[in-house]
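Work through the exercises below with the sequence and the model at hand, and try each task before reading its solution.

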Amino acid sequence: MGSPRRHRSSDSRRFNFYFSLLLIFGKHALAELRYSIPEEMKEGTSVGNVAKDLGLDKTSLIDRRFRVVSGSKDAFFEVNPNSGALQILKKIDREELCQGSGVCTMELKILVENPLEMHHVVVEITDINDHSPGFPEKEQQFKIAEHTSPGTRFQLHAARDPDAGINSIRTYTLTSNDHFEIDVSQSDEDKTPYLVLKKSLDREQKSKHVLFVTAVDGGKPQRSGTLNVSIIVLDTNDNRPVFSQDTYQVEIYENVPVGTIVTRVNATDTDEGNNGEIEFTLSKALSRKVYDIFELNRVSGEIKLKGAMNFEETEIYKIDVEASDLGAPPLTSRCRVIIKVKDVNDNPPEIEVTSLSNTVSEDSKPGTVISLISVTDKDSGVNGKIISSITSDVPFELKPSYKENIYSVVTKGFLDREQVSHYEITIKATDCGEPLLSAFKTLNIQITDVNDNKPLFSQNTLQFYLSENNVAGGSIFSVSATDKDINENAVLSYQIARGNELAMFLSVNSDNGQISALKSFDFETLKTFRFQVVATDSGTPSLSSNVTVHVFILDQNDNAPVILYPVSSNGSAEGVEEIPRNVNAGHLVTKVRAYDADIGYNGWLLFSLQEVTAHSLFGLDRYTGQIRTLRSFTETDEAEHKLLILVKDNGNVSLSATATVVVKLVEPREAFAAADVKSATKDDEDNNVTFYLMITLGSVSTLFLISIIVLIAMQCSKSTDYTSKYLQETNYDGTLCHSIQYRSGDKRYMLVGPRMSIGSTIVPGSHANTLVLPDRRGTSTEVR
């Protein structure tokens, strides 16, 4: 385990971390519990009820993760989460743990969570007398000259007892004899026994003395160890070696290479010959570690480095060196060499992540703690001074604790998962030694999503084109939105916003935005409409957005042409036209008028003659529907001719209608009278047609009305002595007609023409599309 000081240093570093953790997350623990137990107690023995002493609820210990946080590699204690008792986990040997005679304590950290609390428990390990004193060797031999003066002291092997305090060595005893007694010299904590000559020796009487030195400790019961001391009486060698210094002190860096001479001891002996030659040896009472690291030249007294030193393990070595002459008997003296090891920067810092949250919510506020770290360096002084920082460009920073080298990793700005979803935080710890040593630690942090982005459509307004006569219930188009969030926050559902009367005829698939029409649309009834689609995500709270959809109905050729003229009284497309037999070629017989509700090519009408009794007499304009004579009539031509006219549109699949016109040839005088009667008869019919057409074309511009008024004024200024005739129209497109009646003097006129564009004019005096009627205001047959 190392020395007590090193043990306390390790615990201190662990304490720093948990104390900072407690400051940030938990409640302060201001109390400290102390227990005292003897060493070598059985495993499972209860030290004390920590939960009870701390006032903790026993029923919540398991949920709060009641546990011991050990600062060392070997855990000697544990807590019972059921009873709250602190128990011995592993048998404790105080001598192995502390290796000293001072107070041996172990600092424990008791940690509980929810809320996070840390409590300190100090357990004092008291010594028991479980070791007997022991000598490094079972026998020790002295060779003493016979004339050695009484009072001469001979150092005995010092016994060692791992126990401390009262259980350590208290005294030495010697077997009863006439020549020797024992004396104990105490320096610091060491007791050194000496064999003291109290009466001169007489080799002739006795050449060898065998004594027993007993080391006794102060325990109850007492324990002891015995050293067999043999004393051989020699002839005189009355000068012992003398060291130049009683104590040698030297400082050396821990990284010096093996083989380096650490120091040299020097001793002299005033004797001559073998009695003056000196050999140096290391004391046999030294620890095994000293022999592994240092070696002594027996002749020169040089102490060399035999193994590598480590300042972090041992900072100082105390070596006892013996100098013995070669006399008979040899004389020995001792000196102490104190070697102080100087630290070099040979240990990089160590970064320990004591607590880490791998995920952080993107709505975390600046200053949110995500990790606790502790930084340590085994070196000391400047070499152990550490500077820590975050090297990567991330929205996180290190916040120091009040304890040195304890940090919190906190957010320093706002996070946005949609911009950066993962961070690698690289922490660098650099000491201040020479050369600088650094350590790195990378934390991987995942940013979790919150519902902070509403769904977005690609455009604020969408336009779709839909052909009329669609299949009811079929899909017509789809809308789609995106959400920058993920998982549940990005799962979208669609619905149609209510408030639009047409919304009831539409449905939307909530999962994919596919829109279906519940009815078939008719271009002639509805040409365009709009509605709104709302996209809502599945987050908490949910967010939504909408898009306006404009739907344009496209025309299909689904309307057949409608014959406006001729129309008989029973509603069929049949009419009778009477013309004078003496008309010339090119005479306008009549005009077939038709209307198609479709638009564009679907409403563009073409006229054609399907049946005619005499192809040489009549011709039909395919665009205007005008029927004209191709030549003058002869006496041999029949008096009645039947024409079947086909009217069809220009759709992909043409739709058509037919009209029948019967042309009767009459004498000029009859034709004129008939024309008046016929015109009066048709007047009412034309008025009805005109009425409905005027409603259909109610949007005719004011400029058209002005042009009509101008036309009437011009007609009124002309002579009205015209015979009844049909005049050619040059600009009619054959789709829709208007008729206007007006008077000029004793004549009544009916203007029949196509839809006129703004700016169209009628040449004065042309009487184009004008039918002249007699004034019948004085008769009972006036046309109304």
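**Exercise 1. Compare the expected and the actual span of helix 6 (residues 702-716), and find which of its residues are buried.**

Solution. Helices here are DSSP runs of H or I with at least four residues, strands are runs of E with at least two, and both are numbered from the N terminus. The expected span of a helix is 1.5 Å times one less than its number of residues. For the 15 residues of helix 6 this gives 21 Å, and because the end C-alpha atoms are 21 Å apart, the two values agree. The next step uses relative accessible area with a 1.4 Å probe and protein chains only, where buried means under 20%, exposed over 50% and partly exposed in between. By this criterion Phe704, Ile708, Leu711 and Gln715 of helix 6 are buried. Seen down the helix axis, the buried residues of helix 6 fall within an arc of 60°, so they line one face; the arc is that of the directions from the axis to the C-beta atoms. On the face of helix 6 turned away from the buried side are the exposed residues Thr702 and Ile709.

The model is predicted, so local features need pLDDT of at least 70 and side-chain atom pairs count only at pLDDT 80 or more, while totals for chains, interfaces and linings use all residues. Residues are numbered from 1 along each chain as its sequence is written, and side-chain values use heavy atoms, with hydrogens and water left out.

**Exercise 2. Classify the aromatic pair of Phe243 and Phe280, and state which parts the pair ties together.**

Solution. Rings of Phe, Tyr and Trp (its six-membered ring) pair if their centres lie within 6.5 Å, and planes under 30 degrees apart count as stacked, over 60 as edge-to-face and the rest as tilted. The structure holds 13 such pairs. In the pair of Phe243 and Phe280 the centres are 6.1 Å apart and the planes stand at 50°, which is a tilted arrangement. Since Phe243 belongs to strand 16 (residues 242-243) and Phe280 to strand 20 (residues 278-282), the pair ties together parts that are 37 residues apart in sequence. Phe243 is buried at a relative accessible area of 9%, and Phe280 is buried at 4%.

**Exercise 3. Classify the aromatic pair of Phe477 and Phe531, and place it in its cluster.**

Solution. The pair of Phe477 and Phe531 is stacked, with 6.4 Å from centre to centre and 20° between the planes. Phe477 lies in strand 35 (residues 475-478) and Phe531 in strand 40 (residues 528-537), so this pair ties together parts that are 54 residues apart in sequence. Both Phe477 and Phe531 are buried. One aromatic cluster is formed by Phe464, Phe477, Phe521, Phe529 and Phe531.

**Exercise 4. Starting from Phe280, follow the strand pairing into strand 23 and strand 24.**

Solution. Two strands pair if DSSP finds at least two bridges between them. Strand 20 and strand 23 run antiparallel and are joined by 5 bridges, with Phe280 opposite Ala323 in strand 23. On strand 24 (residues 332-342), Ala323 has Ser333 opposite to it. Strand 23 and strand 24, also antiparallel, are joined by 9 bridges, and a hairpin connects them through 6 residues. Because 8 of the 10 residues of strand 23 (residues 316-325) are buried, this strand is largely enclosed by the rest of the structure.

**Exercise 5. Describe the open sheet that contains strand 35.**

Solution. The sheet has 3 strands in the order 35-39-38, with antiparallel pairing. Strand 35 and strand 38 (506-508) are the edge strands, each pairing on one side only. Strand 35 is joined to strand 39 (residues 514-517) by 3 bridges, and Ser475 has Ser516 of strand 39 as its bridge partner.

**Exercise 6. Which peptide bonds to Pro541 and Pro566 are cis or trans, and where do these residues lie?**

Solution. The bond from Thr540 to Pro541 is cis, with omega near -5°, and Pro541 is placed in the loop between strand 40 and strand 41 (544-554). The bond from Tyr565 to Pro566 is likewise cis, with omega near 5°, and Pro566 is placed in the loop between strand 42 (562-565) and strand 43 (574-580). Most peptide bonds are trans.
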